[in-house]
Amino acid sequence: MTTRDPAEEAAWLTAIRHAAGCPVCKSPGGVCSRGEWLLHAYEAIVRRSHHEEDEGQEERMRHRRPPVTERVALYVFRVARAGVALGVLAGLLVLTVALCVLGDPAP
Ligand SMILES: [Zn+2]
């Protein structure tokens, strides 16, 4: 099994926890500098730790291994953000339609 770098794990958890509790990160199209910074910090740690791994050990086996789990995790993170945004938009649309239907007198 791969052993995850504790710093990597901590950076990831920090980013995830921030996104989970940050209204800006969850808002549609919201650009949160702290959220982006946390993600970039995490990506930098991942890059650095894998680079060190390649340098410290036999290169030929490990070099080919792409950081799939990290990529998938980032993808899920972004999809989750987009999903929240879409959910809010869909909710607003339903609310608008409902208000129109309720507000208009029946024809
Ligand atoms: Zn945020």
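**Close-up views of a five-helix chain with a zinc site**

**View 1. A salt bridge links Glu36 and Arg81**. In this predicted model, the side chains of Glu36 and Arg81 come together in a salt bridge, with 3.5 Å from N to O. Glu36 belongs to helix H3 and Arg81 to helix H5, so the pair ties together parts that lie 45 residues apart in sequence. Searching the whole structure turns up 1 salt bridge. Both partners are partly exposed: Glu36 has a relative accessible area of 28%, and Arg81 has one of 21%. As a general reminder, side chains of opposite charge can pair when their charged atoms come close.

**View 2. Four side chains hold the zinc ion**. Which atoms coordinate the zinc ion? They are NE2 of His18 and the SG atoms of Cys22, Cys25 and Cys32, at 2.1 to 2.4 Å. The site is tetrahedral, with angles of 101 to 117° among the 4 donor atoms. For orientation, the ideal angle for four tetrahedral donors is 109.5 degrees. Along the chain, the donors follow the spacing H-x3-C-x2-C-x6-C. Two of these residues are worth a look for their burial: His18 is buried at 18% relative accessible area, and Cys25 is buried at 2%.

**View 3. The largest nonpolar core has 10 residues**. Its members are Ala11, Trp12, Ala19, Leu39, Tyr42, Ile45, Val46, Ala73, Leu74 and Phe77. Helices H1 (6-21), H3 (33-56) and H5 (68-103) each give two or more residues to this core, and H3 gives the most, with 4. In soluble globular proteins, nonpolar side chains tend to be buried together. Trp12 makes a handy place to start: leaving aside neighbours within four places in sequence, Trp12 is in contact with Tyr42, Ala73, Leu74 and Phe77, and also with Arg4.

**View 4. Glu8 is a buried residue of helix H1**. Is Glu8 buried or exposed? With a relative accessibility of 3%, Glu8 counts as buried, because this value is under the 20% cut-off. Setting aside neighbours within four places in sequence, its contacts are Tyr42, Ile45, Val46, Ser49, His50 and Glu70. Three of these names, Tyr42, Ile45 and Val46, also appear in the largest nonpolar core.

**View 5. Helix H5 and its buried residues**. The 36 residues of H5 should span 52 Å at 1.5 Å a residue, and the C-alpha atoms at its ends are 51 Å apart, which agrees. Which residues of H5 are buried? They are Glu70, Ala73, Leu74, Phe77 and Ala85. An α-helix has 3.6 residues a turn, so residues three or four places apart point the same way.

**View 6. Ala85 of H5 touches Lys26 and Pro28**. Ala85 counts as buried, at 14% relative accessibility. Not counting residues up to four places away in sequence, Ala85 touches Lys26 and Pro28. Its C-alpha atom is separated by 9.2 Å from that of Cys25, although the two residues are 60 apart along the chain. Cys25 also brings us back to the zinc ion, which it helps to coordinate through SG.

**View 7. The whole chain, for context.** The protein chain has 5 helices and 0 strands, giving the pattern α-α-α-α-α along the sequence. Of its 107 residues, 23% count as buried. Among contacts between residues at least 6 apart in sequence, 61% join residues at least 24 apart.

Technical notes:
Residues numbered from 1 in each chain as written. Predicted model: local features only at pLDDT ≥ 70, side-chain atom pairs only at ≥ 80, totals over all residues. Heavy atoms only, no water. Core = buried A, V, L, I, M, F, W, Y, C linked by side-chain atoms within 4.5 Å. Buried < 20%, exposed > 50% of the residue type's maximum accessible area, 1.4 Å probe, protein only. Contact = heavy atoms within 4.5 Å. Donors = N, O, S within 2.8 Å, 3.2 Å for Na, K, Ca; no water. Tetrahedral: all angles 85-135°; square planar, octahedral: opposite > 155°, others 65-115°. Expected span 1.5 Å × (residues − 1). Salt bridge = Lys/Arg side-chain N within 4 Å of Asp/Glu carboxyl O.
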